[in-house]
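Here is a short set of exercises to work through with the structure open on your screen. Try each task yourself before reading the solution below it.

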Amino acid sequence: MITQQVAEDKLTVSIGPQHPGAGHFRFTITVEGDTITDCVPDPGYVHRGAEKQTEYRNYLQSIPMLERSSLTDVTNIIMPYSMASEELMGIEIPPRAKYLRMIMSENQRIISHLYWLGIQGIFLGHSTMFMWPLGDRDIFIDLGQMIGGARITYSYAIPGGVRNDMPESFKPRALKVFDYFEKRLKDYERIFFSSPLFLKRTLGVGVLPREDAIKLGVVGPVLRASDVKSDVRIDEPYNFYEDVDFEVPSFKECDTYARCMVHLIEMRQSMRIIRQCLEKIPQGPVRVKLSPQQRANAGEAYGRVEASRGAMGFHIISDGSTKPYRVKISVPSFRNLIALPKLLIGSHVADMPAIYWSLDYWPVEADR
Amino acid sequence: MSSSITAPKQELSPAEKAIVDSIGQLGDKAKIAYVRPKRVKILASRENIVEVAGFVRDVLKFDHIANVTGTDFPKDKAIEVDYHFESIDGPGLRSLVFSLGCRVPTEDPVLPSLIEVFPAVNYHERETAEMLGVVFKGHPNLSRFLLPEDWDDIPPLLKAYRLPGRLEAGE
Amino acid sequence: MPEIVNFEQFVRRILEILFWVLIILPMIALPVFYLIYVLQVEIQCGFSLLNCSHQIDWSLALYMFDPSKMNPLDPNSYISQLGLGTNSVLFKVSTFPGLTFAAILSSFVIWYERKLLAKMQYRIGPLYAGRVEGWLQSFADLFKLLFKEIVIPARADTLFFMAVPFAMMALSGALLAVIPVGPTTFIASSAYSLLIALAILSFFPIVTLLAGWASNNKFSFIGGIRALYQMISYEIPLILSVVGIIILSGGSLNFVDIVNSQSRIWFIGPMILGAIVFYVTAMAEVERIPFDIPEADSELVAGWLTEYTSMNFGVINLAVYIKLYALSSLFTLLFLGGWQGPAPVPGVVWFMIKTVIMLTIFIIPRGFNPRVRIDQLISFGWVWLIGIAFANIFIAVFLRAAGLL
């Protein structure tokens, strides 16, 4: 960290651009005594021009490039792209593909939330809160590997359906994993979330009131912890979310502890959704085979999906050729970034790690 | 080309029809580009855009900004800036995405900023400004956001900018 | 290793390694020397080397731990006349219960801590250094640290910068000097031992601040100041929690008297509040989690240890762990009855067992606690701990006045 003294008792500290476990992002805070008086975020360290590159590739070719932006959340980041492309191409995917997309999407949500929990432990100085979630996350990655074929980036939900079918051995294994993990979640609640020191560091810290949350346009767990019951899965149900029942948490307290609890509850609900999908999934094809030179009709499409960090959107403009004319990605991390100065100004310096990571800002995703 | 499975046609819901009627109040200031199930888009000109945005927020009750897209249309010599809105507190409007578009000529890409109406467009407009060269009048800080500070080429998302080492877009 | 390009650098490198080896050598070589050579030779063969190779009785080595049971030949032998025998001050200071023993125990405590934390976190911990569960890991780390380059910042105050590891080791050693591990096994025993121990503990914040200041780095300085705040705020509850013990032991500040006055009941029973306060403040004094703000690297500042590399860091770390061992021994002496225990096992071994149990209890909170915020920490120390310590004093006065203890 680099500092310069700007006035008698003011220090400007530049934090980043490398954080332990949290990616490349820099923000500058001005500190007076123990209070932060100004915060200026400075993203762009991992900007790779993904949007420009989609204009040079046809619809199928962009998938591996786009999914690598959001490394912990790969299924959800390309799903709105696939949905918008299918709308432009005028095709409808088979129902089994939609259920499989739901299963992988919820699995991915658990994986992403566990990673978030681990790094929150690092930022609070709690080493066990780092080790346990990352150890359990590996079991879910193995589940994803059974269907997807790779551990992290499997390019699964492509335009036209999904790439692979689910093996027979997936269902019993998944049920065993969920039984194990539900017991572990009880342990997490008891040991991590009820610990008095954790409560002292997160209760009442980083409060984002409801009107500010809506006006600033935040999404995801941050919005849900600010007393807004908003989730794309219930607002604009895609795949078959209207046929499964699950809860969307929301809390009135709007502080960091509420955001932690939202993540925890969402993990439970994801397991519930996957169980129901495994009961309801029909037989059938999983893919509409598209040629790589598939043309899309001219026009615009906007696809929306609830990713782990919030609502993700893809706006695709097509001119009727095999390559999209313009792809604009609406990333939850980027939309939540504006809350960072608002929350940090006026708080203690020592609260900065807890607040920063509770917004779940993923730099690579925000920079595209 | 054709495909074996085509998407079924969907009907417009009452919410969209109500919006279309409300937009009629604006008269000349806004033109409807398309009305599809769950997606409505209107176009405004740059003189009226701040007023139309206020209308969208207060009357149509779309209060949550989702995205700001900037697209370069060299054939029309225009840059189009689209604002996409979602609604949190609007009644029955949760599934709708409302788009507000505005075209500016490429030689004079100046547009009033919507930051007074929607504070959340701060970073979105900043990114559009640096990627396409659009100037948002009234925006407090249009400095480099995602691009490096020493970027000296033309704004990268213009079609005139070619990614080095790639075939031309559209080939 | 840094690149050596000419003869002068070569000579300096050799001298540097020699310097550290000479400091570590007495700690390792002396006990080996005693155990294998001097002790057996001394007890069984006098000082005649030549006829001693085949008749060594190793069980006599136990007498090293309790000098009062020494062979009566000992005071007359040539070795102890030289002042090198096992009853001499040199042996006690350097080997047992002094520096070597404390250093080796601290190295094992480091390994033990890593293993314990790993088991709590569903991991394995050190595995490869040493056949069984990696028990040689801390020695391997120490050995590795010997070969790293010592980097002194360009504008740092070299004298004070290099003085800090020595000062910390000296303070930890001085702390060990007044702590007896058995009824007659101690380096020094005075009527004011407890006061001396507490006074030495008060020196550590000054040395820590010196380390932070001498690094010439604004963040190390801020880290040193935070460590100073933490240690000073928690010294007052530490001292207050011990006052109850002094009252109950009849006003004596000597450790042997304090342990003897626990013969009816160990003080942890009536003085449970004092024990809790002592435990919490001891954790803050050694900067263990949850109180490890001065060493935290994900917070704003870098910590006062930042500029210390290789053996500087190794020696300071060792000094901190020796301080932890000393505080655990203090807890054992003051609250757990010291060396008292059933007969066949010698008192020293009981002392060691209790100290290791206390060390475990010091290590375990690291597994399930996040870090405390600095302002919460200081307000907790000044408001709550002092209050509980005062309540403890009132209980002690009451018990003494009522003649119960």
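**Exercise 1. Find which residues Pro17(A) touches, leaving out those up to four places away in sequence, and decide how exposed Pro17(A) is.**

*Solution.* Keep in mind throughout that this is a predicted model.

Step 1. List the partners: Pro17(A) touches His24(A), Phe25(A), Arg26(A) and Tyr45(A), once residues up to four places away in sequence are set aside.

Step 2. Place the residue on the chain. Pro17(A) sits in the loop that joins strand E2 (10-15) to strand E3 (26-32) of chain A.

Step 3. Check a distance to a residue further along. Asp42(A) is 25 residues away from Pro17(A) along the chain, and their C-alpha atoms are separated by 9.0 Å.

Step 4. Judge the exposure. A residue is buried at 20 or more C-beta neighbours within 10 Å and exposed at 12 or fewer. Pro17(A) has 16 inside 10 Å, so it counts as partly exposed.

**Exercise 2. Two residues of chain A other than glycine, Ser155(A) and Asp227(A), have a positive phi. Where does each lie, and is each buried or partly exposed?**

*Solution.* Step 1. Begin with Ser155(A), where phi is near 45°. This serine belongs to the loop between helix H5 (128-148) and helix H6 (170-193) of chain A.

Step 2. Count its neighbours. Ser155(A) has 20 other C-beta atoms within 10 Å, so it is buried.

Step 3. Turn to Asp227(A), with a phi near 70°. Its loop runs between helix H9 (221-224) and helix H10 (232-235) of chain A.

Step 4. Count again: 18 C-beta neighbours lie inside 10 Å of Asp227(A), and therefore this residue is partly exposed.

**Exercise 3. Test whether the end-to-end span of helix H4 (residues 95-124) of chain A agrees with its number of residues, then find how much of H4(A) is buried.**

*Solution.* Step 1. Work out the expected span. The helix has 30 residues, and at 1.5 Å a residue it should span 44 Å. The multiplier is one less than the number of residues.

Step 2. Compare with the model. The end C-alpha atoms of H4(A) are 44 Å apart, which agrees with the expected span.

Step 3. Look at the surroundings. Of the 30 residues in H4(A), 28 are buried, so the helix is largely enclosed by the rest of the structure.

Step 4. See what follows the helix. Gly125(A), just after H4(A), takes a positive phi of about 85°.

**Exercise 4. Decide whether chain A is as compact as a globular protein of its length.**

*Solution.* Step 1. Take stock of the elements: chain A contains 15 helices and 7 strands.

Step 2. Apply the globule rule. For 368 residues the rule gives 21 Å, and the radius of gyration of chain A is 21 Å, so chain A is as compact as a globular protein of that length.

Step 3. Add the outline. The C-alpha trace of chain A spans about 65 × 45 × 35 Å along its principal axes.

Step 4. Look inside. Among the 368 residues of chain A, 54% count as buried. Of its contacts with a separation of 6 or more, 69% are between residues 24 or more positions apart.

**Exercise 5. Describe the elements and contacts of chain B.**

*Solution.* Step 1. Count the elements: chain B has 3 helices and 7 strands.

Step 2. Read them in sequence order, which gives the pattern α-β-β-α-β-β-β-β-α-β.

Step 3. Turn to burial and contacts. Chain B has 171 residues, of which 38% count as buried. Residues 24 or more positions apart supply 55% of its contacts with a separation of 6 or more.

**Exercise 6. Name the angle class for helix H4 (residues 99-120) and helix H5 (residues 137-146) of chain C, and list the residues that make their contact.**

*Solution.* Step 1. Start from the geometry: the axes of H4(C) and H5(C) come within 8 Å and cross at roughly 110°.

Step 2. Assign the class. Angles of 65 to 115 degrees count as roughly perpendicular, and that is how H4(C) runs relative to H5(C).

Step 3. List the residues. H4(C) contributes Ser107(C), Ile110(C) and Trp111(C), while H5(C) contributes Gln137(C), Ser138(C) and Phe139(C).

Step 4. Sort them by class: the contact has 3 nonpolar, 3 polar and no charged residues.

Note on methods:
Residues numbered from 1 in each chain as written. Chains lettered and ligands numbered in written order. Predicted model: local features only at pLDDT ≥ 70, side-chain atom pairs only at ≥ 80, totals over all residues. Helix = DSSP H or I, 4+ residues; strand = E, 2+ residues; numbered from the N terminus. Contact = placed C-beta atoms within 7 Å. Axes fitted to C-alpha atoms, helices over the stretch in contact; angles between N-to-C directions. Parallel < 35°, antiparallel > 145°, perpendicular 65-115°, else oblique. Nonpolar A, V, L, I, M, F, W, Y, C, P; charged D, E, K, R; others polar. Rg over C-alpha atoms; globule rule 2.2 N^0.38 Å.
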